[in-house]
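Reader: Please take me closely through a single part of this chain, and then set that part against the rest of the structure. I would like a connected account rather than a list.

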Amino acid sequence: MKYQNIREEELKNKVGADWFKDFDTTEIIGNIDFTVLPKQDGLFGRTSLLWAEAKTGDFDIPTMFVQLILTIGKARTFDKTLPPAFLGAFDGKKIAFVPYSSVQDIFYLNDFNWNVTPSKHETKEFQLIKARIEAILSGHTYVYDYVDDAKELHFFIANNIEKATEANKIKIDKNNFVPIYLRWLDTVKPIIDVNWDELKKANILDSDFYLADLFVDDKDTNKIEDDTSIRKNLFVVFYQQGYKIPKKYLNTMFDAMIHIANKSTYQQFWKRYKRPPLTEFHEYIIERRDLLVPQDIRERKGAFFTPRQWVELSQRYIADALGENWQTEYYVWDCAAGTGNLLAGLTNKYNIWASTLDQADVRVMHERIQHGANLLKSHVFQFDFLNDDFSKLPQELQNIINDPEKRKKLLVYINPPYAEASSARTVAGTGENKAGVAKDNKLYRLYKEKIGNASNEIFALFMARMYDKIPDAILGQFSKMKFVQGVNFGKFKAFFLAKFLGGFIIPANTFDNVKGSFPIGFTLWNTAIKEKIDSVVCEVYDNKETHIAQKTFYGNLPPSINQWIKQFDKANGSHLGFMGNASPDFQHNSQIYIAINKGIEHFNFWSFTKKNVIHGCVYFSVRQCMEATWINDRDQFLYPNDTWQTDTEFQNNCLAYTIFHGQNRISGKEGSNHWIPFTEYEVDAVDKFASNFMSDFIKGKLKTEEKSHLFDAEIERTEPLIFSAEAKAVFDAGRKLWKYYHTTVAATNETITDGLVNASLYDIREYFQGRNDKGRMNTKSTNETYHQLIGDLRAKLKTLADKIAPKVYEYGFLKA
């Protein structure tokens, strides 16, 4: 074996130096182990030549490729940067290559869970991909031994990898037309001589110019003249080395002629791609033009495809609620239709209306009608539901809305936008509120007073206007479930009174381009029956449409846990640290941490003192002892009942859990560490600790001269705290870790600083794991003893978490 007994990083360095010295192998792309790029930038930057998986030793080739494919697929790296000509896998003995084109279809498998951990080989996803990859590799793999095949390997690299940049042009298909568009935005859009703001007023976007560019050939000859289906769906066409916008789209007397300011740059960009796209993808690219709208505009307009499986499931729920003849007895209006896929499967086209914000989408739907879509052209129209007056609606639809009896038979069936005015980055202090998302319409100003902060959500504005302007109709919608239990929806629930008819929730990440792990619900409401939203029971389906549970969402909840903990926030007294109290739901639990100093996040920082340790630890443990899932993501933590106050085992378990939790970031480097749970003698410390508060507190050795509330008695005790067996196991594991740390420090020649002596668990982790070049703590350590000790501590902590969890519901911190 050429490369023996070396670590993975050293292996990658040696392979790069020995075989790819004429290339750049230093760049890191996503989570990919090894990347090969040209050393010199081209006119439009560099395109990867090779993405590879690296393993030490002698490893199984298919397994390496599977892990690489899962890594790429999970991060969707191919959506963010153009893929290379080859994928690779290498270890200490050999290297293998496979053309990317032979495996790229794997990345577009339907109903595949890409969220599995790539290194877990026992998952069904890993085995499924392995079976696929073994079949592909049998005919498309190039495998070389570093020693036996050195000459052939050099030849392959020189004639394949090195010449990948000179290979045939990249063919445009459904998998790469979006990444190419993103590059087009950076290179071609700036050289188009046009006033983009003026064009937006006519609903003509940069993507229309990109589509015009796609449908020409390598000689810049327009290829759409003979293709009626394409021509009718393009607002802009390539014309005489520039662009033409037909006058009918601008409402002017003449066509608009647009010039390209730098034709050389334009030609150099398109030299890389084979135009027009492959014929079999023409219809798909036109239909999915919504993918070319920038993300912020997509959020505002709701340009998110509803997966076919959920369309069909929602229509089954509608039939259950309204009866099997509902398509004959009810009218249907999708007022956020996009390109109309939510209406697929409906049979009575005479009762269906579809409206959308963009005229381009209307044209797509009209084209789909010509190809057999079951809609009427006269029932498909451009309409801005949040801004336009209802007088613009087709007269037949107006007649239904204006007739009280017919209106009761109108189903508003929608998948509206999910955008809101803030994000996690805003809370973390690294971003700004997306103020225009919901406020750039008349409805925001009109309904702000009626529905309060819910007006920041576009889907809530759709609900409000439907409820206000189409009273007594039926609403069937896909949306976040926060309108039921969200803390900002109190006024909304007082405004929106309707009877719940049924519904289900599914993972949000099954929707096209929706990020995050939270539930999207389809819920049905009869607005003619006025009922407050107290609770909503939904069926739960996983991403494969398997029914897995029921979930109750509560609309009438007690005050939040943050209101409860605030009453114990005492700024006076001996300061032990701060706890960031993020919004009280599972979604925000990852933002909760404890540190000596306040952070920069935009939420309250609660002060630990000697008098409120138990309260703070109960709060912290309640919020951290259960993992956030897509199902519980929006569940609210609540103001508890009083019964927890007499459960000293629960309180002590919470103290132990908080001391040893990874989100306890107390550091002796930042100030006095009052959180060391052991004495110097228990852990053979290298020197005396600056504070023995926590070990004294645990042993009942603290005294206080003033007494103001229940838990002052707790810190006057002369008896030690009594812990459960699970908590004792955590202390035992922690003691071994602390002792190993001090033994390790004592054995080095390091100067014994206060920071080393008074190390917290956070400091111990940093000591053994170190930090990367970006200042982030590494996730692993090369010290095997430490690795075993920290693993044991985490396992014991998980067992303790399972002990605490049932009490969270029993004491009312969460509602089951």
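Author: Strand 3, residues 50–54, is mostly covered, five of its five residues being buried; as with everything that follows, this is read from a predicted model. The cover lies on both faces of strand 3, since Leu 50, Ala 52 and Ala 54 are buried on one side, and Trp 51 and Glu 53 are buried on the other.

The neighbours of strand 3 can be taken one at a time. Strand 2, residues 34–38, runs antiparallel to strand 3 and is joined to it by three bridges, and within this pair Phe 34 stands opposite Ala 52. Strand 4, residues 86–90, runs parallel to strand 3, with five bridges between them, and here the bridge partner of Trp 51 is Leu 87 in strand 4. In general, the strands of a sheet pair through backbone hydrogen bonds, in either a parallel or an antiparallel manner.

These pairings belong to an open sheet of six strands, arranged in the order 1-2-3-4-5-6 with mixed pairing. Its edge strands are strand 1 (23–24) and strand 6 (142–145), each of which pairs on one side only. At the latter edge, strand 5 (residues 94–99) and strand 6 run antiparallel and are joined by four bridges, and Lys 94 has Asp 145 of strand 6 opposite it.

Set against the whole chain, strand 3 is one element among 33 helices and 24 strands. Buried residues account for 55% of the 816 residues, and, of the contacts with a separation of 6 or more, 68% are between residues 24 or more positions apart. The accessible surface of the chain comes to about 36400 Å², with 47% of it belonging to carbon and sulfur atoms.

A helical counterpart to this covered strand is helix 27, residues 648–659, in which 10 of the 12 residues are buried. From its first C-alpha to its last, helix 27 reaches 17 Å, close to the 16 Å expected at 1.5 Å a residue. At its start, a side-chain oxygen of Asp 647 comes to within 3.4 Å of the backbone nitrogen of Glu 649. The buried residues of helix 27 include Phe 650, Cys 654, Leu 655 and Ile 659, and among the elements against which its buried residues pack are helix 26 (613–624), helix 30 (725–747) and helix 33 (784–810).

One of those residues leads into the largest nonpolar core, which has 76 residues and in which Leu 655, Phe 660 and Phe 813 touch the most other members. Helix 33 supplies the largest share of this core, 10 residues. Apart from it lies another core, of 50 residues, which includes Phe 385, Val 412, Ala 464 and Phe 489. It is a general tendency of soluble globular proteins that nonpolar side chains are buried together. Phe 813, neighbours within four places in sequence aside, is in contact with residues that include Trp 564, Val 618, Phe 637, Trp 644 and Phe 650.

For another buried aromatic residue within a strand, one may turn to Phe 578, which lies in strand 22, residues 575–581. Phe 578 counts as buried because its relative accessible area is 17%, under the 20% limit. Beyond its neighbours within four places in sequence, Phe 578 is in contact with Tyr 593, Ile 594, Phe 605 and Trp 606, among others. The C-alpha atoms of Phe 578 and Arg 665 are separated by 10.0 Å, although these residues are 87 apart along the chain.

Some loops carry backbone details that deserve notice. The peptide bond from Arg 275 to Pro 276 is cis, with omega near -5°, and Pro 276 is found in the loop between strand 12 (273–274) and helix 12 (282–287). Gln 240, in the loop between strand 9 (237–239) and strand 10 (242–245), has a phi near 50°, a positive value in a residue other than glycine. Gln 240 counts as exposed because its relative accessibility is 66%. Asp 684 also has a positive phi, of about 50°, without being a glycine; it is placed in the loop between helix 28 (680–683) and helix 29 and, at a relative accessible area of 44%, is partly exposed.

Methods:
Residues numbered from 1 in each chain as written. Predicted model: local features only at pLDDT ≥ 70, side-chain atom pairs only at ≥ 80, totals over all residues. Heavy atoms only, no water. Helix = DSSP H or I, 4+ residues; strand = E, 2+ residues; numbered from the N terminus. Expected span 1.5 Å × (residues − 1). Buried < 20%, exposed > 50% of the residue type's maximum accessible area, 1.4 Å probe, protein only. Contact = heavy atoms within 4.5 Å. Polar contact = N/O pair within 3.5 Å; in protein donor to acceptor, adjacent residues only side chain to side chain. Areas by Shrake-Rupley, 256 points an atom, 1.4 Å probe, with all protein chains shown as cover. Core = buried A, V, L, I, M, F, W, Y, C linked by side-chain atoms within 4.5 Å. Pairing = 2+ DSSP bridges.
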